[in-house]
Structures are given as C-alpha cells and as structure tokens.
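Reader: I would like to learn how to read the enclosed spaces of a protein model and the residues that surround a bound molecule. Could we go through them step by step?

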Amino acid sequence: MTTIANVSPEALRATARRTEPRTSPQTAARWQVAEVEALFDLPFMDLIHSAQSIHREHFDPNQIQLSTLLSIKTGGCAEDCGYCSQSAHFDTEVKASKLMAIDEVREAALAARSQGASRFCMGAAWRSPKERDMERITEMVREVKALGMETCMTLGMLDADQASTLKDAGLDYYNHNLDTAPEYYGSVITTRTYQDRLDTLGHVRQAGINVCAGGIVGMGETRSHRAGLIAELANLEPYPESVPINNLVPVAGTPLGNSERLDPFEFVRTIAVARITMPKTRVRLSAGREEMDDALQALCFLAGANSIFYGDRLLTTPNPTSQRDLRLLERLDMRIEGASGA
Ligand code: SAM
Ligand code: DTB
Ligand code: SF4
C-alpha cells in the first residue's frame, strides 16, 4: 500500500498546501482518511519535524494564544455525551445550576483579562439555546467585547437565526466539536447525530462567525478513528479557524469514566497531524493538561499546538493554575499573544 511514511518533509508540505478539492469524484475530499492515517504512522521524529516545519511557515513558534473558559450554565444537560460530567443521564458530582447573571460573567472576564487571556469562552450545558435565553446571552457577548476581549461561546446546536443573532451581537468564535470519527460517534453519543453537528457548524460559518471545532481522544477509539476525526475537520470548506484537541478527562459516573489512558505520544501525534492537515488553524491543547507534565506539553507545542485554555478550571474539571502555566511559558521563552511585547 502506498503510504506517506517514506515521503520527504518537502513532499508532505506540498500535500498540506493542497487547498483545492481534487477533481476525481472518488477523491473529492482534500484529505482521505488513509492519507491522514499514514501521517499518524510516520516515525515519531519525522512526524514532529514535519509538523514543526509547517507550523513555522504560518506562525511564530514562540507565541501562544490564551483563552479562558467559564461555565455560564452548568449541568442538567439533556444530551448523553458519554464523556460528560454535565449530562443529566449520568450520576456525577456536578450539580445543575441556572444561567449566570451578566454581572458575574463580566467579573470573570475581567479577572481573565487581568491574568493575560485574550479570549473569553462561555460554555452552557444545553442541547441548544432556548429563545428566552438569547437576550441574556447576547448581552454577555456585548459586555465581554466591551472589555476588549475576543468572545467565544459554546451553547450546543444553533439554527441559522440563532447564529446570525450571535454574530450581530459581536460574537467572534463559536465552539462546537465533532468529537470523534463518524464511525465511532454512535458509541459515544446517541441524542444528537453527526449531521446535526455538521449543520450547526454550517450555520456558524454561514453567519460569518469564526469556527472552533475539534474533538476528544482517549475514548477507546482506534488510530483510524482519530484519523477519521482529523480528516472530517480538515475537509470542512474552509477548515476551522480553531481546533481544540481534548484528551479525555475521565469523570466518575460517566460511561467513559474508567477509560484506559491514551499513550501520551499518540496524543502528541494527533496534535501534529492536526497541524499538518490544517496548517493555518489555531491548534488548541485543550482538556487533559492537568494530567500532563511540562515536558509533554512542550512536546505538544513542538508538534504545533499554539493555544491553551488558561485558568484554574475548564468547565467542571480542574486545569493547571495560571501560575503554573505562566512558569511553563516562561521556561519555554514563549510569548503570550495580545500581551505587551508579543
Ligand atoms: N454543551 C455544549 C456542546 O456540547 O456543544 C458545549 C459544552 S461541551 C462540554 C464542549 C466540549 O467539551 C465537548 O464537545 C467535548 O469535546 C469537550 N469535553 C466535554 N467533557 C469532556 C471531558 N470529560 N474530557 C475531555 N473533553 C470534554
Ligand atoms: C473544548 O473543546 N474543550 C473545552 C471547550 N471546548 C468548551 C471544554 C473542555 C471540558 C472538559 C471537561 C469539563 O471541564 O467539564
Ligand atoms: Fe451536554 Fe455538551 Fe455535555 Fe454533551 S458535552 S452532555 S451537550 S454539556
């Protein structure tokens, strides 16, 4: 079988530069799953070298972007995503709460800004926003924008009208993940389909909001499924501006709470393959950093990750403290995007 395993970094880069769909109907997608899998199969050193070379063509390798998360509506979610602490289908320690007040959100955004975050990402445990919530949600966007920060929201599925309402309020990014390959998706989530997710991403793109879409690894999927996820993301037209790669945080009480930990080098490979197939995207090293040591995170940056969630909490689970992160970035001589001097 032809693989990319023995191809030179130059040839790899040429493949990655391919921006047009191919002409043959059988191979219309930019990336075939087998090609992406062949990238995963490269010798580790070759893969990291190629990813870092491509990374340098599009980004300053010493610069990183920081986004801070806030759960504006926690728990009690109607969906059954098998990894999630906030699903009402599972008995976890997370208590459901109502949508936050605008003042509380503003305070949290101010605190994030003072710590150095340039983007504030607000997440709600909803299947989709209700009409009655839209006014407060859009006001949150306006308030956070007024602080001079970029705004991001992740509220579940959006229809076209909701997406354009958020765009009008000034929303910069919308996060909605594909989570895994289409073939594995049904083993993780049954209450919404892969197509539902693609439709939401289409509405976000159509409204002119930047797309943030990624997935989770370490859910018991195969390497081929990981390649399938990356191929889906890379074949979006255009591919997302931001791609969060989450390592499963196993949550007690969820179906995936006892999942076997993914080999950390396989996680790094996933980052590298995302970088090669989506050269200009922000690849975000997302959930799972609390369990990673500094050396492993540095390897993720070398593989092309150039953004992190920054702040002591993700949505319901812990994240490294800001202090620990700042020390890590300092040790690596990395500059924070948007901070003075960056
Ligand atoms: N409810 C909204 C939705 O699902 O679109 C927004 C919030 S949801 C928590 C955002 C994403 O976080 C999920 O799509 C998933 O990729 C990631 N995530 C959730 N729980 C996780 C966990 N335990 N470990 C790793 N990633 C997780
Ligand atoms: C994303 O891909 N990861 C973030 C953000 N988008 C919303 C969420 C991670 C959640 C991790 C589990 C938790 O804290 O509940
Ligand atoms: Fe709900 Fe989002 Fe959690 Fe799924 S990932 S259960 S949609 S909060």
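Author: Let us begin with the residues around one ligand, bearing in mind that this is a predicted model. The shell around ligand 3 divides by class into 6 nonpolar, 1 polar and 2 charged residues.

Reader: Which residues are around ligand 3?

Author: A residue counts here if one of its heavy atoms lies within 4 Å of the molecule. For ligand 3 these residues are Cys77, Glu79, Cys81, Tyr83, Cys84, Ser87, Ala125, Trp126 and Arg192.

Reader: What space does ligand 3 take, and how many cavities does a search of the whole structure find?

Author: Cavities are sought over the protein atoms alone, so a space taken by a ligand can still be found as a cavity. In this structure the search finds 2 cavities of 30 Å³ or more, and ligand 3 takes the space of the largest cavity, in which about 820 Å³ lies.

Reader: How should I read the lining of the largest cavity, and which residues lie nearest its centre?

Author: One reads a lining by position and then by class. Of the 37 residues that line the largest cavity, Tyr83, Cys84, Gln86, Asn177 and Leu315 lie nearest its centre, while strand 2 (119-124) and strand 7 (242-247) each supply at least two residues of the lining. By class, the lining of the largest cavity has 19 nonpolar, 14 polar and 4 charged residues.

Reader: What is the volume of the second largest cavity, and which residues line it?

Author: The second largest cavity has a volume of about 50 Å³, and its lining includes Asn247, Arg261, Asp263, Phe267 and Glu291. The classes in that lining are 5 nonpolar, 2 polar and 3 charged.

How values were computed. Residues are numbered from 1 along each chain as its sequence is written. Chains are lettered from A and ligands numbered from 1 in the order in which they are written. This is a predicted model: local features need pLDDT of at least 70, side-chain atom pairs count only at pLDDT 80 or more; totals for chains, interfaces and linings use all residues. Side-chain values use heavy atoms; hydrogens and water are left out. On a 1 Å grid over the protein atoms alone, a cavity is a set of points where a 1.4 Å probe fits but cannot get out, and a pocket is an open set with protein on both sides within 12 Å along at least five of seven lines; lining residues have an atom within 4 Å of a point. Grid points are joined across faces, edges and corners, and a volume is the space filled by probe spheres set on the points. Helices (H or I, at least four residues) and strands (E, at least two) are DSSP runs, numbered from the N terminus. Ala, Val, Leu, Ile, Met, Phe, Trp, Tyr, Cys and Pro count as nonpolar, Asp, Glu, Lys and Arg as charged, and the others, Gly among them, as polar. A molecule sits in a cavity or pocket if more than half of its atoms lie within 2 Å of its grid points.
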